[in-house]
Amino acid sequence: MRFFADTEQPTVAVVGLGYVGSCVAAALAERGARVIGVDSDAGRVAELNAGYVRLNEPGLSELMGRWLGGPRLSVTDDCRVTSEADVVLVTVGTPVRDDGTLDDEQLRHACHELGRRLRRGQLVIAKSTVPPGTTRNLLVPLLESGGLRCGEDFGLAFSPERLSEGSALHELSTFPIVVGGWCPDSSRAAQAFWRRGLGVEVHPVEPVEAAEIVKLVNNWWIDHNIALANEVGRFCTAFGVDSLRVIAAANTIRRGNGPVNVLLPSVGVGGSCLTKDPWMVHRAARERGVRLRTVPTAREVNDSMPHHTCEMILEDLRVRGRAPRESTVAVLGLAYKNNTGDLRETPTLPVVERLRRRGVAVSVYDPLADPREVETMFGVTPCVSAYEAASGADCVAVLAWHRVMEDLDFGELARSTAEGCLVFDGRAYFTGDVIGSIERCGLRYGGVGR
């Protein structure tokens, strides 16, 4: 094949060892590829070589540990090794600036360095999330700066990253991979690489801009769906109805190509993708003279949820005659979603900040989050246990519910809290049985949409 060596064990360079790059590198090594991870952060490289994986993704540390240092997986901060690879994956971060424009510094640097070192016959696959047109207008000129021609001397494709934190390794072995090739040869090579490298279904699209848009549409849909769920939650609460029961019933029919799938209300949306990708869509559309109304509406709804959560907690304190300055709230779970320690854009931070501004004392606990990051971001040393955090609390706000927290003893929790303490469900989605056990312990229960 023109841009993909017909070898049993291809050599793959993964440029950017953040969340996506680390997971992809580990999964490819597990499947038999020889993987060279490249990252400009010498500290991250040193940590990995010492056996420390700073990312709290289930199974990732074990997988990296199995292959790092052996013939299948090595890591370095020296970009020159990319010339040894049959395939180069670009997985660097692509954040957005405050004005919504793409911060392409990492992407520019990576592609500039690659362009200096590309050799004929190599295949480059970009996975970093970008606005449509970026591959054509930014990546190609940078990769061609070394003198080789895209589509003639080297292949280029775009395959969007569509992983969910907490289940990324499973998804890498099961989710279809989308491929948009620069040319037919590039597309065929990328399809063959993913089928061999991960053993998954491949879905080709064209032109390359279509592949760039796929990821944006996925996150646009998720953000919009969560906004619907949040408004359903608030609507149901006004009628004293549990929104989770309503949503479960609403999701029992099929429409179009699949079932109705309303997601669940929560304290809000966070992470590195859902908070920025819809705005990336909005800006790209505006630059083409298209006005999109759903993006700002959904973003406004989801950004309002931390405030809504805070007001629900404060209202409960008011009804009980508890002044904010005399009250304590324990926040259990600080990450932006369940089963991850990722604090990026977490909606729990504005909840904590709002409560503190009203004079409420706040203690925090998250067994998956890095305590140093918690202290830096939240300005408080995290407690070592849920029971320590709940000591004397008038409200225990569960804003992220990790599997490792499922052995929480609500009886013991109740013995730590103030009388009449509210267990506020911001993302745990406790079942009726669990709610019953909470209330039998003398605690009260409520939450977003509950």
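Helices are DSSP runs of H or I spanning at least four residues, numbered from the N terminus. In the predicted model examined here, two such helices, α8 (208-238) and α9 (243-250), are joined by a loop that contains Phe239. With a relative accessibility of 60%, Phe239 counts as exposed, because the threshold for that class is over 50%. Phe239 also belongs to a nonpolar surface patch, in which it is accompanied by Phe235, Val241 and Val246. Together, the four residues of this patch present about 390 Å² of accessible area.

Ser243 is located in helix α9. In contrast to the exposed Phe239, Ser243 is buried, its relative accessible area being 0%. When residues up to four places away in sequence are set aside, the contacts of Ser243 comprise Val232, Gly233, Cys236, Pro265 and Gly449.

The cysteines were considered next. A search covering the whole structure returned zero disulfides. Cys310 accordingly takes part in no disulfide, and the nearest cysteine sulfur, belonging to Cys395, lies 10 Å away. The relative accessibility of Cys310 is 1%, so this residue counts as buried. For Cys441, the closest cysteine sulfur is that of Cys421, at 12 Å, which is too far for a bond, since a disulfide requires a pair of cysteine sulfur atoms within 2.5 Å. Cys441 has a relative accessibility of 31% and therefore counts as partly exposed, whereas Cys310 is buried.

How values were computed: Residues are numbered from 1 along each chain as its sequence is written. This is a predicted model: local features need pLDDT of at least 70, side-chain atom pairs count only at pLDDT 80 or more; totals for chains, interfaces and linings use all residues. Side-chain values use heavy atoms; hydrogens and water are left out. Patches are made of residues with over 30% relative accessible area and no salt bridge: like charges are joined within 9 Å, nonpolar side chains (Val, Leu, Ile, Met, Phe, Trp, Tyr) within 5 Å. Accessible areas come from the Shrake-Rupley method with a 1.4 Å probe; for residues, only the protein chains shown count as cover. A salt bridge is a side-chain nitrogen of Lys or Arg within 4 Å of a carboxyl oxygen of Asp or Glu. Buried means under 20% relative accessible area, exposed over 50%, partly exposed in between (1.4 Å probe, protein chains only). Contact means heavy atoms within 4.5 Å.
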